[in-house]
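Take a walk through this fold, one element at a time. Keep the sequence beside you as you read.

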Amino acid sequence: MHERAAAARGATSPLEPPPNLRTRSGALISNISEAEAITFTSALVTKSALAREFCGCEVFQRIVHDILNVPDVRLFHDQAVYKKPCPGRTFPFHQDNGYTFIEPLQYLTCWVALSDTDEENGCPWFIPELHRRGPLDHDFDEANSGWTISGVRDDDAVCVPLKAGSMACFWSLTPHMTGANETVDTVRKAYIVQFAPDGWNIQIWDKRGAGGRGVALGNTGPSPVDEARQYHVLRGGEGVGPPPLGPRL
Ligand SMILES: O=C(O)CCC(=O)C(=O)O
């Protein structure tokens, strides 16, 4: 996994979004990416054959086989997260469901360290057991530009330093945060790879509804899948490699 992570680091870096990426109307493309503090680069598997191979590799096939315990599993989402030196700037406690709410609720997040990470440069922290309480209310934390579980009690949070090539695997309902990168010159690099049982429904929640608090929608059954991005890693209980990267449009 260590060689694979080194290769993934090579694949993710050139694809980091340029600073201040804006729409034609001037709005920031993402309200959580900020070039000088933290960048999120999504769907690398649609741009890099190496990222594609990485997310579909046998290591993940085995992990999802054992943890998700269903015969058909797809890559749900992948993103590189680069955290720049920026004193005090955390990525606050949240559940991944606080960003992307699907049915069934629990999907699996694999947080892969592409560089060594520790308390000083912004490694992840987790609150044990709280995932059992289901989805928690999230509010937007303007100071740290991220959704967060307001008032969450974090006195028993566990700090998880990771060497490059190691990963933390956790449920999408597990509250987690990353600390500030308090170094002066190192960029903390991670690749986040998420897997979900095939047949998920993402159309049950409108995040922008009710003035940004979100509203429940009708249950419309399985959502359409982006085959180029959300490919199978497990089909009929067997690991399957990723389909080749198609021509770029
Ligand atoms: O890697 C980070 O600093 C935070 C990313 C994170 O927690 C997430 O994308 O859910």
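Helix α1 spans residues 2–12, and its buried residues are A5, A8, A11 and T12. Where do these buried residues lie when you look down the axis of α1? They fall within an arc of 115°, so they line one face of the helix. Turn to the face that points away from the buried side. There you meet the exposed residues H2, E3 and G10. What covers the buried side? The cover over the buried residues of α1 includes β1, α2, β2, β4 and β11. Remember that this is a predicted model.

Now follow β11, which runs over residues 188–197. Of its 10 residues, 9 are buried, so β11 is largely enclosed by the rest of the structure. Two strands can be traced as its partners. β2 pairs with β11 in the antiparallel sense, over 10 bridges. In that pairing, A80 has Y191 of β11 as its bridge partner. β4 also pairs with β11 in the antiparallel sense, here over 6 bridges. For C110, the bridge partner in β11 is V193.

Next comes the nonpolar core. In soluble globular proteins, nonpolar side chains tend to be buried together. Here, the largest nonpolar core has 45 residues. Which of them touch the most other members? The answer is V112 and F195. The largest share of this core comes from β2, which gives 6 residues. Look at V112 in detail. Leaving out residues up to four places away in sequence, V112 touches A5, M167, A190, Y191 and V193. One of these, A5, is a buried residue of helix α1. Another, Y191, is the bridge partner of A80. And V193 is the bridge partner of C110.

Move on to the ligand. Which residues are around it? They are V81, K83, F91, D96, G122, H176, T178, A190 and I192. Three elements give two or more residues to this shell: β2 (73–83), β10 (176–178) and β11 (188–197). By type, the shell divides into 4 nonpolar, 3 polar and 2 charged residues. A190 appears here again, after its contact with V112.

A separate set of strands deserves a look. An open sheet is formed by 4 strands, in the order β3-β10-β5-β8, and the pairing is antiparallel. Which strands sit at the edges? They are β3 (91–94) and β8, and each pairs on one side only. Take β8 and its partner. Strand β5, residues 124–126, pairs with β8 in the antiparallel sense over 2 bridges. Within this pairing, F126 stands opposite V158 of β8.

Some backbone details stand out. Most residues other than glycine have a negative phi, and most peptide bonds are trans. Find P104, in the loop between β3 and β4 (108–113). The peptide bond from E103 to P104 is cis, with omega near -5°. Then find A43, in the loop between β1 (38–42) and α2 (49–55). A43 is not a glycine, yet its phi is positive, about 55°. Is A43 buried or partly exposed? With 16 other C-beta atoms within 10 Å, A43 is partly exposed. E129 is another residue to check. E129 lies in the loop between β5 and β6 (139–141). Its phi is positive too, near 75°, and E129 is a residue other than glycine. E129 has 10 C-beta neighbours inside 10 Å and therefore counts as exposed, because the cut-off for that is 12 or fewer.

Two more residues show how sequence and space relate. I67 belongs to helix α3, residues 58–68. I67 and W171 are 104 residues apart in sequence, but 9.8 Å apart in space, C-alpha to C-alpha. Setting aside neighbours within four places in sequence, I67 is in contact with L108 and C169. I67 has 16 C-beta neighbours inside 10 Å, so I67 counts as partly exposed. Now go to R153, in the loop between β7 (146–148) and β8 (158–159). R153 and A8 are 145 residues apart in sequence and 35 Å apart in space, C-alpha to C-alpha. R153 has 11 C-beta neighbours inside 10 Å, so R153 counts as exposed. A8, in contrast, is one of the buried residues of α1.

Methods
Residues are numbered from 1 along each chain as its sequence is written. This is a predicted model: local features need pLDDT of at least 70, side-chain atom pairs count only at pLDDT 80 or more; totals for chains, interfaces and linings use all residues. A residue is near a molecule or strand if its C-beta atom, placed from the backbone, lies within 6 Å of it. Ala, Val, Leu, Ile, Met, Phe, Trp, Tyr, Cys and Pro count as nonpolar, Asp, Glu, Lys and Arg as charged, and the others, Gly among them, as polar. A residue is buried if 20 or more other C-beta atoms lie within 10 Å of its own, exposed if 12 or fewer, and partly exposed in between; C-beta atoms are placed from the backbone. A nonpolar core is a set of buried Ala, Val, Leu, Ile, Met, Phe, Trp, Tyr and Cys residues joined through C-beta atoms within 7 Å. Two residues are in contact if their C-beta atoms, placed from the backbone, lie within 7 Å. Two strands pair if DSSP finds at least two bridges between them. The arc is that of the directions from the helix axis to the C-beta atoms.
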